Amino acid sequence: MHINKIHSVQTIALVARELGEDEDWLADIAAEMEPEDGLIWVYSVEQEDGIMAFTEFGVESLRNFIAIHRDEMK
């Protein structure tokens, strides 16, 4: 029996607001992420290119990517 392990996702706009970060900067960082990191794309009729979104694990992965980028900027 297959069970879907994704219970909810958060769009990049929500995550940016939650983390107090610039959405465009987060999108640049998240572009390095893979689906295994918890990054997914949500498609709709209104958003043909899709909206970047994250699972709970994806938000934690993104926090790690942010820390790495901040260390590199020092």
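In this predicted model, helix α1 passes helix α2 in a right-handed crossing. A third helix, α3, packs against α1 and against α2. Strand β3 pairs with β1 and with β2.

**Helix α1 with helix α2**

- The angle between α1 and α2 is about 115°, and their axes lie 9 Å apart.
- Angles of 65 to 115 degrees count as roughly perpendicular, so α1 is roughly perpendicular to α2.
- On the α1 side, the contact is made by I12, A13, V15 and A16.
- On the α2 side, E23, L26 and A27 take part.
- The residues of this contact divide into six nonpolar, no polar and one charged.

**Helix α1 with helix α3**

- Helix α1 covers residues 12-19 and packs against α3 at an angle of about 60°.
- The axes of α1 and α3 are 12 Å apart.
- These two helices are therefore oblique to each other.
- The crossing of α1 and α3 is right-handed.
- From α1, the residues V15, E18 and L19 reach the contact.
- They meet V59, L62, R63 and I66 in α3.
- Five nonpolar and two charged residues make up this contact, with no polar ones.

**Helix α2 with helix α3**

- Helix α2 spans residues 23-30, and helix α3 spans residues 56-73.
- They pack at an angle of about 95°, with axes 10 Å apart.
- Helices α2 and α3 are therefore roughly perpendicular to each other.
- α2 brings W25, L26, I29 and A30 to the contact.
- α3 brings L62, F65, I66, H69 and R70.
- By type, the residues of this contact are seven nonpolar, one polar and one charged.

**Residues that recur**

- V15 of α1 is in the contact with α2 and also meets α3.
- L26 of α2 is in the contact with α1 and in the contact with α3.
- L62 and I66 of α3 meet α1 and are also part of the contact with α2.

**Strand pairing**

- Strand β1 takes in residues 10-11, and strand β3 takes in residues 51-54.
- β1 and β3 pair in the antiparallel sense over two bridges.
- Within this pairing, Q10 stands opposite F54 in β3.
- Strand β2, residues 39-42, is joined to β3 by four bridges.
- β2 and β3 also run antiparallel.
- The bridge partner of L39 in β3 is F54.
- F54 thus has Q10 opposite it and L39 as a bridge partner.

Terms used. Residues are numbered from 1 along each chain as its sequence is written. This is a predicted model: local features need pLDDT of at least 70, side-chain atom pairs count only at pLDDT 80 or more; totals for chains, interfaces and linings use all residues. Side-chain values use heavy atoms; hydrogens and water are left out. Axes are lines fitted to C-alpha atoms, for helices over the stretch in contact, and angles run from 0 to 180 degrees between N-to-C directions. Angles under 35 degrees count as roughly parallel, over 145 as roughly antiparallel, 65 to 115 as roughly perpendicular and the rest as oblique. Contact means heavy atoms within 4.5 Å. Ala, Val, Leu, Ile, Met, Phe, Trp, Tyr, Cys and Pro count as nonpolar, Asp, Glu, Lys and Arg as charged, and the others, Gly among them, as polar. A crossing is left-handed if the near helix is turned anticlockwise from the far one by less than a right angle, and right-handed if clockwise. Two strands pair if DSSP finds at least two bridges between them.
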